[in-house]
Amino acid sequence: MKILVALFLLALTVSSAYAQCKFIILVTTGDIEDAGTEARVSLSVSTANGKKLVIKSLKPWGQKGHNNFEKGHTDKFEGSGKCLPSKPCRMLLESNGKGNKPGWFVDKVAFTQIEQKNLSQKEKTFNVNRWLARDESPGTLFVVVDDCAK
(Lines give C-alpha, C1' and ligand atoms only; values in the text may rest on other atoms or scores of the structure.)
Protein backbone atom coordinates (compact mmCIF):
# COMPACT_ATOMS: atom_id res chain seq x y z
CA MET A 1 0.00 0.00 0.00
CA LYS A 2 2.84 2.42 0.89
CA ILE A 3 4.40 1.77 -2.52
CA LEU A 4 1.15 2.66 -4.30
CA VAL A 5 0.85 5.91 -2.34
CA ALA A 6 4.48 6.77 -3.10
CA LEU A 7 3.98 6.08 -6.82
CA PHE A 8 0.81 8.20 -6.86
CA LEU A 9 2.61 11.12 -5.19
CA LEU A 10 5.53 10.78 -7.60
CA ALA A 11 3.17 10.79 -10.60
CA LEU A 12 1.37 13.85 -9.22
CA THR A 13 4.67 15.69 -8.73
CA VAL A 14 5.88 14.86 -12.26
CA SER A 15 2.59 15.86 -13.88
CA SER A 16 2.45 19.21 -12.06
CA ALA A 17 6.10 19.93 -12.91
CA TYR A 18 5.22 19.69 -16.60
CA ALA A 19 1.77 21.30 -16.39
CA GLN A 20 0.90 23.77 -19.12
CA CYS A 21 0.12 27.36 -18.26
CA LYS A 22 -1.18 30.44 -19.97
CA PHE A 23 0.91 33.56 -19.36
CA ILE A 24 -0.43 37.10 -19.48
CA ILE A 25 2.07 39.95 -19.41
CA LEU A 26 1.04 43.60 -19.14
CA VAL A 27 3.78 46.12 -19.94
CA THR A 28 3.16 49.77 -19.08
CA THR A 29 5.20 52.43 -20.89
CA GLY A 30 5.71 55.72 -19.06
CA ASP A 31 3.67 58.80 -19.86
CA ILE A 32 6.64 61.11 -20.40
CA GLU A 33 8.10 62.70 -23.52
CA ASP A 34 9.68 60.19 -25.96
CA ALA A 35 8.88 57.25 -23.63
CA GLY A 36 7.79 54.85 -26.41
CA THR A 37 10.01 52.58 -28.48
CA GLU A 38 10.09 50.59 -31.71
CA ALA A 39 12.84 48.28 -30.40
CA ARG A 40 12.54 44.51 -29.96
CA VAL A 41 11.84 43.67 -26.30
CA SER A 42 12.63 40.41 -24.53
CA LEU A 43 11.59 39.23 -21.08
CA SER A 44 12.77 36.59 -18.64
CA VAL A 45 11.09 35.87 -15.31
CA SER A 46 12.36 33.39 -12.76
CA THR A 47 11.54 31.90 -9.40
CA ALA A 48 13.72 31.96 -6.28
CA ASN A 49 15.05 28.49 -7.17
CA GLY A 50 16.07 29.62 -10.68
CA LYS A 51 13.28 28.13 -12.83
CA LYS A 52 12.72 30.49 -15.80
CA LEU A 53 10.34 31.54 -18.48
CA VAL A 54 12.27 33.19 -21.32
CA ILE A 55 10.52 35.15 -24.09
CA LYS A 56 13.03 36.21 -26.76
CA SER A 57 10.59 38.69 -28.31
CA LEU A 58 7.31 39.91 -26.85
CA LYS A 59 5.96 40.97 -30.25
CA PRO A 60 4.66 37.50 -31.32
CA TRP A 61 2.80 37.32 -27.99
CA GLY A 62 1.01 40.63 -28.66
CA GLN A 63 -1.89 41.72 -30.85
CA LYS A 64 -1.18 41.46 -34.57
CA GLY A 65 -0.88 44.87 -36.21
CA HIS A 66 -0.80 46.68 -32.86
CA ASN A 67 1.93 49.26 -32.22
CA ASN A 68 3.34 48.22 -28.84
CA PHE A 69 5.26 50.24 -26.27
CA GLU A 70 3.72 53.63 -27.00
CA LYS A 71 3.87 56.52 -24.52
CA GLY A 72 1.35 56.10 -21.69
CA HIS A 73 -0.04 52.77 -22.93
CA THR A 74 -0.32 49.34 -21.34
CA ASP A 75 0.20 46.47 -23.79
CA LYS A 76 -1.03 42.91 -23.29
CA PHE A 77 0.97 39.86 -24.33
CA GLU A 78 -0.28 36.26 -24.09
CA GLY A 79 1.36 32.90 -24.61
CA SER A 80 1.65 29.43 -23.15
CA GLY A 81 4.30 27.03 -21.97
CA LYS A 82 5.49 24.98 -19.01
CA CYS A 83 4.31 26.36 -15.68
CA LEU A 84 6.75 27.89 -13.25
CA PRO A 85 6.70 25.86 -10.01
CA SER A 86 6.30 28.94 -7.80
CA LYS A 87 5.62 32.66 -8.01
CA PRO A 88 8.30 34.53 -9.99
CA CYS A 89 10.37 37.04 -8.05
CA ARG A 90 13.05 38.10 -10.57
CA MET A 91 12.72 39.74 -13.97
CA LEU A 92 15.11 40.68 -16.75
CA LEU A 93 13.62 43.09 -19.29
CA GLU A 94 15.75 43.93 -22.30
CA SER A 95 15.56 46.15 -25.38
CA ASN A 96 17.73 45.61 -28.44
CA GLY A 97 18.09 49.41 -28.74
CA LYS A 98 17.19 49.48 -32.43
CA GLY A 99 14.49 51.09 -34.52
CA ASN A 100 13.23 54.63 -35.02
CA LYS A 101 12.88 55.27 -31.27
CA PRO A 102 15.30 52.99 -29.44
CA GLY A 103 14.99 54.60 -25.97
CA TRP A 104 12.12 53.41 -23.78
CA PHE A 105 10.77 54.46 -20.38
CA VAL A 106 9.12 51.51 -18.60
CA ASP A 107 6.77 52.00 -15.64
CA LYS A 108 6.03 48.38 -14.77
CA VAL A 109 5.55 44.79 -15.92
CA ALA A 110 2.70 42.68 -14.51
CA PHE A 111 3.03 38.90 -14.90
CA THR A 112 0.22 36.35 -14.48
CA GLN A 113 0.49 32.57 -14.81
CA ILE A 114 -2.72 30.54 -15.07
CA GLU A 115 -2.43 26.77 -14.81
CA GLN A 116 -4.67 25.33 -17.53
CA LYS A 117 -5.69 22.24 -15.56
CA ASN A 118 -6.94 23.77 -12.30
CA LEU A 119 -6.95 27.51 -13.20
CA SER A 120 -4.73 28.40 -10.21
CA GLN A 121 -2.90 31.71 -10.64
CA LYS A 122 0.45 33.16 -9.71
CA GLU A 123 0.86 36.92 -10.09
CA LYS A 124 3.70 39.38 -9.70
CA THR A 125 4.12 43.06 -10.59
CA PHE A 126 7.65 44.29 -11.23
CA ASN A 127 8.05 48.04 -10.76
CA VAL A 128 10.66 49.40 -13.16
CA ASN A 129 10.19 53.19 -13.41
CA ARG A 130 13.32 53.86 -15.50
CA TRP A 131 14.79 54.24 -18.97
CA LEU A 132 16.12 51.42 -21.08
CA ALA A 133 18.28 53.61 -23.30
CA ARG A 134 21.92 54.33 -23.99
CA ASP A 135 21.37 58.09 -23.95
CA GLU A 136 19.35 58.28 -20.69
CA SER A 137 20.51 57.46 -17.17
CA PRO A 138 21.56 54.78 -16.21
CA GLY A 139 22.63 54.21 -19.84
CA THR A 140 21.70 50.51 -20.20
CA LEU A 141 19.27 48.62 -22.43
CA PHE A 142 18.21 46.19 -19.71
CA VAL A 143 16.87 46.15 -16.18
CA VAL A 144 16.86 43.42 -13.56
CA VAL A 145 14.23 43.62 -10.83
CA ASP A 146 15.04 41.11 -8.10
CA ASP A 147 12.48 40.79 -5.32
CA CYS A 148 13.50 37.25 -4.34
CA ALA A 149 15.05 38.34 -1.04
CA LYS A 150 11.92 40.23 0.06
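Me: I am looking at Ser46 in this predicted model; is Ser46 buried or exposed?

Reply: A residue counts as buried when its relative accessible area is under 20%. Ser46 has a relative accessible area of 5%, so Ser46 is buried. This residue lies in strand 2, and, once its neighbours within four places in sequence are left aside, Ser46 is in contact with Lys51, Lys52, Pro88, Cys89 and Arg90.

Me: How many helices and strands does the protein chain have, and in what order do they run?

Reply: The protein chain has 1 helix and 8 strands, and from the N terminus on these elements run α-β-β-β-β-β-β-β-β. Of the 150 residues in the protein chain, 41% are buried. If you turn to contacts with a separation of 6 or more, residues 24 or more positions apart account for 71% of them.

Me: Which strands make up the open sheet, and which of them stand at its edges?

Reply: To read a sheet, one follows the order in which its strands pair. Here an open sheet of 4 strands has the order 3-2-5-8, and the pairing is antiparallel. Strand 3 (52-55) and strand 8 (142-146) each have a single partner strand and stand at the edges, so one side of each is left without a neighbour in the sheet. From one strand to the next, the twist averages 10 degrees. Strand 2 (residues 41-46) pairs with strand 3 in the antiparallel sense over 4 bridges, and within that pairing Ser44 has Val54 of strand 3 as its bridge partner.

Me: Why is strand 1 described as largely enclosed by the rest of the structure?

Reply: Here one counts the buried residues along the strand. In strand 1 (residues 20-29), 7 of the 10 residues are buried, so this strand is largely enclosed by the rest of the structure. Strand 1 runs antiparallel to strand 4 (residues 74-82), to which 9 bridges join it, and 9 bridges also join strand 1 to strand 6 (residues 104-115), again in an antiparallel arrangement. Ile25 can be followed in both pairings, since its bridge partner in strand 4 is Phe77 and its bridge partner in strand 6 is Phe111.

Me: Which residues of the largest nonpolar core touch the most other members?

Reply: A nonpolar core is traced through the side chains of buried residues that lie within 4.5 Å of one another. The largest one has 27 residues, of which Ile25, Leu43, Leu58, Met91 and Leu93 touch the most other members. The elements that give two or more residues to this core are strand 1, strand 2, strand 3, strand 5 (90-95), strand 6, strand 7 (121-132) and strand 8. Leu93, not counting residues up to four places away in sequence, touches several residues, among them Leu43, Trp104, Val109, Leu132 and Phe142.

Me: Where is Phe142 found, and which residues is Phe142 in contact with?

Reply: Phe142 is found in strand 8, and at 39% relative accessibility this residue counts as partly exposed. Leaving aside neighbours within four places in sequence, Phe142 is in contact with Leu92, Leu93, Glu94, Arg130 and Leu132. The C-alpha atoms of Phe142 and Gly97 are separated by 9.6 Å, although these residues are 45 residues apart along the chain.

Me: Where does pLDDT stay under 50?

Reply: The protein chain averages a pLDDT of 89, and 88% of the residues score at least 70. Over residues 4-16, however, pLDDT stays under 50, and for these residues the model has 0 contacts beyond four places in sequence.

Key. Residues numbered from 1 in each chain as written. Predicted model: local features only at pLDDT ≥ 70, side-chain atom pairs only at ≥ 80, totals over all residues. Heavy atoms only, no water. Buried < 20%, exposed > 50% of the residue type's maximum accessible area, 1.4 Å probe, protein only. Pairing = 2+ DSSP bridges. Axes fitted to C-alpha atoms, helices over the stretch in contact; angles between N-to-C directions. Contact = heavy atoms within 4.5 Å. pLDDT = per-residue confidence, 0-100.
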